[in-house]
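Student: I would like to walk through this model with you, one question at a time. Shall we look at it together?

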Amino acid sequence: MDDFLHIARERGYLHQVTDEAALAARMKSGPMSGYIGFDCTADSLHVGSLMQIMLLRLLQRTGHRPVVLMGGGTTRIGDPSFRDEARPLLDDAQIARNKAGILRAFSNLVQFGEGPTDAIGLDNADWLDGLAYIPFLRDVGRHFSVNRMLTMDSVRLRLDREQPLTFLEFNYMLLQAFDFLELNRGHGVALQMGGSDQWGNIIMGVDLVRRVAAAEAFGATTPLLTTASGTKMGKTAAGAVWLNADRLSPYDYWQFWRNTEDADVGRFLKLFTELPLVEIARLEALQGAEINEAKKVLATEATALLHGRAAAQAAADTARTTFEAGLVAEDLPAVASALPAAVLDLLVAAGFVASKGEGRRLIRGGGVRLNDEVVSDEARQVGPEDLRDGAAKLSAGRKKHALVRPA
């Protein structure tokens, strides 16, 4: 049985762990179950949740059982962690639609079944919806200190900013802790994992399991992931990078990874592919234009994990045709220009707009993209650093595309 904690540390998945030595010993003794919860706030997860899913995948690959917990119950409240205001409350029909959409992202990433290491999917609405309030307060609420709850970052930061925190939201950490207890009693789950913003909630759950069930319980978090330039992972100028193909095509998903900053390539290869570390070290060491080859490998491998090898290869082939051969189905025109060159000038040169004024209006409306990333700055220049295999792709709307090549 491979060492889950060793591999997770080596590849950068772990940030905090409760009693790591005891957890390592427990994992060596045989398969154990670990879970991550996902509230149903949208009909797809985005790349910001991918590291947690990869951790569940690693748990399975190293001989343990991942548990995917849908928050059909807790979504009705909304996690207040690191938010300035309450999440909008969703009705049951919307929660059900979102749950179905979210589960689709797991189909290629974890294997569900009946075996000892096969993943299982559960919904906390199954036990939260039937809770009787007074017994819940007596059996669970008495184990929580309000003094301690007020020190948790998810609560304290909201109060420090003098933003309202409803009693409804204040209950969230009790319900999340109760989830862990229910999973432990009903399915033998001994490990809760999540993002670093969940650390306080996870600690509460670990304590509750140990007190009420007198059972072993552990917690682990992944680090907050930002790009080298400091932006939050999973967000681009065009919006969220969704995991479901009906929200973001495999080609656009491939392009997201292809546009990774140079400084992030090695880190993302460790987190979002399963390439051997020796191969990742080789790719990470590439310099200059050669780093683009590493980015293509990252894009193809990450896309293959989520959407399948065929979709990843098709996306890579389309990108190669577009950027290297200068062609797509409609034969992209090419614009030759000395670089750097203003996007506004290139829009005019490509015949996409009749004037710079029209180009500015198009940019303000979010209708201009460079290498499939939305251009929001009217003064944006296209420089040599924007070239992908000798060309940059300039788009106006959905149907107008051109390749910008150095003159």
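Student: Which element gives the most to the lining of the second largest pocket?

Tutor: Before we start, this is a predicted model, in which local features need pLDDT of at least 70 and side-chain atom pairs count only at pLDDT 80 or more, while totals for chains, interfaces and linings use all residues. Residues are numbered from 1 along each chain as its sequence is written, and side-chain values use heavy atoms, with hydrogens and water left out. On a 1 Å grid over the protein atoms alone, a pocket is an open set of points with protein on both sides within 12 Å along at least five of seven lines, a cavity is a set where a 1.4 Å probe fits but cannot get out, and lining residues have an atom within 4 Å of a point. Strand E7 (235–236), H15 and E12 each supply at least two residues of this pocket's lining, and the top contributor, with 3 residues, is H15.

Student: What is the volume of that second largest pocket?

Tutor: Its lining counts 34 residues, and Asn259, Thr260, Glu261, Glu373 and Arg388 lie nearest its centre. A volume here is the space filled by probe spheres set on the grid points, which are joined across faces, edges and corners. For the second largest pocket that comes to about 790 Å³.

Student: How many residues of its lining are nonpolar, polar and charged?

Tutor: Ala, Val, Leu, Ile, Met, Phe, Trp, Tyr, Cys and Pro count as nonpolar, Asp, Glu, Lys and Arg as charged, and the others, Gly among them, as polar. By that scheme the lining of the second largest pocket divides into 11 nonpolar, 11 polar and 12 charged.

Student: Turning to enclosed space, which helices each supply at least two residues of the lining of the largest cavity?

Tutor: The structure holds 1 cavity of 30 Å³ or more, with about 30 Å³ of space in it. Its lining is Leu50, Met54, Leu109, Tyr253, Phe272, Ala302, Leu305 and Leu306, which by class gives 8 nonpolar, no polar and no charged residues. Helices are DSSP runs of H or I with at least four residues, strands are E runs with at least two, and both are numbered from the N terminus. H15 gives the most here, with 3 residues, and the helices that each supply at least two are H3 (50–61) and H15 (291–307).

Student: Is Met54, one of those lining residues, buried or exposed?

Tutor: Met54 has its place in helix H3, and its C-alpha atom is separated by 9.8 Å from that of Ala8, 46 residues apart along the chain. Buried means under 20% relative accessible area, exposed over 50%, and partly exposed in between, with a 1.4 Å probe and protein chains only. Because its relative accessibility is 3%, Met54 counts as buried.

Student: Why is the pair of Trp257 and Phe268 classed as it is?

Tutor: Rings of Phe, Tyr and Trp (its six-membered ring) pair if their centres lie within 6.5 Å; planes under 30 degrees apart count as stacked, over 60 as edge-to-face and the rest as tilted. The structure holds 8 aromatic pairs. In this one the centres are 5.9 Å apart and the planes stand at 90°, so the class is edge-to-face.

Student: Which helices does that pair link?

Tutor: Both Trp257 and Phe268 are buried, and they belong to one aromatic cluster with Tyr253, Phe256 and Phe272. The two residues are 11 apart and link distant parts of the chain, namely helix H12 (residues 250–258) and helix H13 (residues 265–272).

Student: What is the order of strands in the sheet of 6?

Tutor: Two strands pair if DSSP finds at least two bridges between them. E2 and E3 run parallel, joined by 7 bridges, and Phe38 has Met70 as its bridge partner in E3. This open sheet has mixed pairing, in the order E1-E6-E5-E2-E3-E4.

Student: Why is strand E3 described as largely enclosed, and how many of its residues are buried?

Tutor: Arg65, Val67, Leu69 and Gly71 cover one side and Pro66, Val68 and Met70 the other, all of them buried. Strand E3 (residues 65–71) is largely enclosed by the rest of the structure because the buried count is 7 of the 7.
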